[in-house]
Amino acid sequence: MTAGTEDKLSCAYTLPLILALVGLVLFMALLTRQLSLTFLCILVFTMAAGAKAWSRLSIIGIQSELRIDKKKMFPGETLALSIGVANNKILPVWLQVRVALKGALQTASGQTALRKDSGLLWYQRVSFNWQLTAVKRGVHRIGPVVFEVGDLLGFYPQIEQAPDFHDVIVYPRLVQLNPIRLPRRDFFGIPGVRSPIEDPIYIHGTRDYQSRRPARYIHWKASARHNRLMEKVCEPAEQEKILMLVCTDRFSSDHTGEAFERALEVAASLAVQLDRMRFVVGLASNGRLKGGGNAAVKISRNPGHLSDILETMARLEPVPAGEMVDILQRGLTLPWGVTAVCFTCRLDGASLALNQYFNRRNIPMVMIVCDHTADLTAAETKTNEKIYRLDDIRVKGPAI
């Protein structure tokens with residue numbers, strides 16, 4: 001039971017009892033013809049009736065606005081929450097604001113239930129501000145805001161719920177990683193941006209056409225727009241492409257959820273690391289997404305692509321929505337030269353089927369086993385460079 005509910009119940013029980021006692025005193029005063037006491041009791045009843053009428057009018061003209069300064073953040077970062085309330089009438093009111101946060105966001109003192117009250121004069125506006133810290137990954141809703149307004153003594157509060165709310169996306173925590181060796185299929189033998197061969201699929205800009213270049217590089221739409229010949233500037237064909245897979249099949253057996261969170265922290269950190277190295281990264285998972293949708297992000301280097309991957313990981317739940325192989329076969333396009341990095345709770349039949357799926361397509365795959373209690377010997381990981389333990393990749397220490 002919240003403090004506001006306790007106050008309301010206390011007022012609801014005590015005020016009628018007080019009025020009943022005043023009524024009894026009034027009856028006795030009338031019998032004994034105590035004129036002063038009679039006027040005092042009538043004054044109390046008049047004040048109570050006036051307070052009730054005041055309270056009923058207090059909700060009229062109350063407007064509110066819920067604002068936050070950011071909607072996406074990492075654990076440990078803070079956001080500013082502001083609730084503005086305006087009293088657009090001549091009648092002053094008493095006001096209390098409450099917001100429940102459900103523990104994922106909290107103040108510096110650890111509060112998860114926000115509550116402030118104030119008095120509002122005629123046509124006055126007040127703003128309540130908090131600094132909230134993200135505690136864990138996920139999609140966390142702020143709101144709705146509950147208002148309690150009434151007469152200045154708070155005898156008959158009226159409760160109103162504002163429809164405003166905001167969803168805050170908290171990415172997985174970024175951690176430090178040990179280097180891992182990713183198998184690759186070099187087509188031209190010269191890695192990265194030094195490759196002399198350009199891939200026409202990956203166009204990252206245009207420039208003025210140079211006469212020594214073949215005509216197939218002319219960007220006709222850009223030429224028409226600029227009224228001069230422009231040519232495409234392409235990414236090197238040898239650019240590394242990584243498809244990250246998160247298999248959620250066995251994570252649901254971990255009731256603490258720690259194994260899944262640790263896996264996502266390493267996966268998010270690896271995605272950020274690969275993006276900084278100019279790798280082309282994609283993501284696929286067979287887990288359910290909070291809010292619905294497909295847990296897949298195509299392999300590309302579009303602006304905001306890394307944010308899409310981190311947001312998908314933030315929404316991911318350790319509940320399988322199907323077999324990973326079926327999801328890949330249904331429509332995820334795998335470009336040539338891709339390398340798969342799979343995060344799985346433990347090696348089982350599903351991970352073996354996934355390994356066979358990529359072997360048939362001659363796609364190299366690295367398996368990262370996340371459950372530290374999984375039956376995986378150190379000799380097995382040492383002799384097989386395609387299998388890693390999550391604990392061997394993650395560096396123990398504070399987050400980045």
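## Lining of the largest pocket

In this predicted model, four elements each supply at least two residues of the lining of the largest pocket: strand 8 (138–142), helix 4 (258–276), helix 5 (305–315) and strand 18 (316–320). Strand 8 gives the most, with 4 residues.

The space in the largest pocket amounts to about 460 Å³. Its lining comprises 23 residues, of which K136, R137, G138, H140 and K290 are the closest to the pocket centre. Sorted by class, this lining holds 10 nonpolar, 10 charged and 3 polar residues.

## Second largest pocket

The second largest pocket encloses about 290 Å³ of space. It is lined by 14 residues, and those closest to its centre are S285, N294, A295, I327 and R330. Strand 16 (287–289) and helix 6 (324–331) are the elements that give two or more residues to this lining.

By class, the lining of the second largest pocket consists of 6 nonpolar, 6 polar and 2 charged residues.

## Nonpolar surface patch

On the surface, V25, L37, L40, L43, M47, L153 and F155 make a nonpolar patch of about 630 Å². Helix 2 (residues 35–58) provides the largest share of this patch, 4 residues.

One of the patch residues is L40, which is found in helix 2. L40 counts as partly exposed because its relative accessibility is 47%, a value that lies between the 20% limit for buried residues and the 50% limit for exposed residues.

Note on methods:
Residues are numbered from 1 along each chain as its sequence is written. This is a predicted model: local features need pLDDT of at least 70, side-chain atom pairs count only at pLDDT 80 or more; totals for chains, interfaces and linings use all residues. Side-chain values use heavy atoms; hydrogens and water are left out. Patches are made of residues with over 30% relative accessible area and no salt bridge: like charges are joined within 9 Å, nonpolar side chains (Val, Leu, Ile, Met, Phe, Trp, Tyr) within 5 Å. Accessible areas come from the Shrake-Rupley method with a 1.4 Å probe; for residues, only the protein chains shown count as cover. A salt bridge is a side-chain nitrogen of Lys or Arg within 4 Å of a carboxyl oxygen of Asp or Glu. Buried means under 20% relative accessible area, exposed over 50%, partly exposed in between (1.4 Å probe, protein chains only). On a 1 Å grid over the protein atoms alone, a cavity is a set of points where a 1.4 Å probe fits but cannot get out, and a pocket is an open set with protein on both sides within 12 Å along at least five of seven lines; lining residues have an atom within 4 Å of a point. Grid points are joined across faces, edges and corners, and a volume is the space filled by probe spheres set on the points. Ala, Val, Leu, Ile, Met, Phe, Trp, Tyr, Cys and Pro count as nonpolar, Asp, Glu, Lys and Arg as charged, and the others, Gly among them, as polar.
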